[in-house]
Amino acid sequence: MKILGLTGQSGAGKTLFAKELMHKGYPCVNADKLYHSLLIPPSNALDAIRREFGNSVFFESGELNRRALAKEVFSDEKKLDALNAAVLPIVIDEIKKIAKEHKKNGAKLLVVDAPTLFESGFGSDCDMTVAFIAPAELRIKRIAERDGLTVEEATLRTNAQKRDEFYTSRADKIIINDKDESDLSKKADEILAELLGEDI
């Protein structure tokens, strides 16, 4: 089984690209959604976050206050790195378990949509990595619309992300997503043909 790792800046289109591949019949792990599923108490991920950030990012009920955590980590690169160091190993362990199941079930390809693909070290487990980048103004607009954020909140998230060079220097393929979804569909076919060595 081949593993295709998708990464890049938020709002650059990697999740839309992953959906294109899912529509073509290939299983996909969305690392963000997996991470959020691990935040239901009791949770090793929540314990790790509490150890790192204390109770200030939790509601009295014990649930994670995601907005409070986001405000902390997206305004301080060191805190974002600390969050990643605390939770990424837990997320990657889960992805590897899922990959084993798909391999056992005969899947030809597993797509992993992971914004922190390289930071986590999982990029080295992939047969191909594709990074998505897009102009900042376009990403801010997409993030605000997608997540129901203000422009200021979306800008804060965008400014906290790695720059283009971080991805272009590490990924096997770069996709500049400044066009429409039909362009992504065409690029998905090209990637599949190259990775699987067959006409799609």
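Helices here are DSSP runs of H or I of at least four residues, numbered from the N terminus. I keep to that numbering throughout, and I note at the outset that what I am reading is a predicted model.

**Entry 1: a loop residue**

I looked up Asn65 and found its place in the loop between helix H3 (44–53) and H4. Is Asn65 buried or exposed? Its relative accessibility is 18%, and because buried means under 20%, Asn65 counts as buried. Leaving aside the neighbours within four places in sequence, I find Asn65 in contact with Val57, Phe58 and Phe59.

**Entry 2: H4 against H5**

From that loop I went on to helix H4, which spans residues 66–73 and packs with H5 at an angle of about 125°, the two axes being 7 Å apart. That angle makes H4 oblique to H5, since angles over 145 degrees would be needed for roughly antiparallel and 65 to 115 for roughly perpendicular. On the H4 side I list Leu69, Glu72 and Val73 as making the contact, and on the H5 side Lys79, Leu80 and Leu83. Sorted by character, the residues of this contact are four nonpolar and two charged, with no polar ones.

**Entry 3: a salt bridge within H5**

Staying with H5, I looked at Glu94, which forms a salt bridge with Lys97, and I recorded 3.4 Å between the closest N and O atoms. Both residues lie in helix H5 (residues 77–104) and are three residues apart, so that about one helical turn separates them. As a general matter, side chains of opposite charge can pair when their charged atoms come close. For the surroundings, I note that Glu94 is partly exposed at a relative accessible area of 25%, whereas Lys97, at 51%, counts as exposed; the cut-off for exposed is over 50%.

**Entry 4: H1 against H10**

Next I turned to helix H1 (residues 14–23), which packs with H10 at an angle of about 60°, with the axes 9 Å apart. The two helices are therefore oblique to each other, and H1 passes H10 in a right-handed crossing. The contact involves Leu16, Phe17, Glu20 and Leu21 of H1, together with Glu181, Leu184, Ser185, Lys187, Ala188, Ile191 and Leu192 of H10. I divide the residues of this contact into seven nonpolar, one polar and three charged.

**Entry 5: Lys187 again**

Lys187, one of the H10 residues in the contact with H1, also forms a salt bridge with Asp183, the closest N and O atoms being 2.8 Å apart. Within helix H10 (residues 181–196) Lys187 and Asp183 are four residues apart, which means a separation of about one helical turn. How accessible is Lys187? I read a relative accessible area of 22% for Lys187, which is partly exposed, while Asp183 counts as buried at 17%.

**Entry 6: a network**

Lastly I checked Arg146, which forms a salt bridge with Asp147, the closest N and O atoms being 2.9 Å apart. Arg146 is partly exposed at 49% relative accessibility, and Asp147 is likewise partly exposed, with 33%. Which residues are linked with Arg146 in a network of salt bridges? I find Asp147 and Arg157 joined with Arg146 in that network. Taking a side-chain nitrogen of Lys or Arg within 4 Å of a carboxyl oxygen of Asp or Glu as the rule, I arrive at a count of 10 salt bridges.

Terms used
Residues numbered from 1 in each chain as written. Predicted model: local features only at pLDDT ≥ 70, side-chain atom pairs only at ≥ 80, totals over all residues. Heavy atoms only, no water. Buried < 20%, exposed > 50% of the residue type's maximum accessible area, 1.4 Å probe, protein only. Axes fitted to C-alpha atoms, helices over the stretch in contact; angles between N-to-C directions. Parallel < 35°, antiparallel > 145°, perpendicular 65-115°, else oblique. Left-handed = near helix turned anticlockwise from the far one by under 90°. Contact = heavy atoms within 4.5 Å. Nonpolar A, V, L, I, M, F, W, Y, C, P; charged D, E, K, R; others polar.
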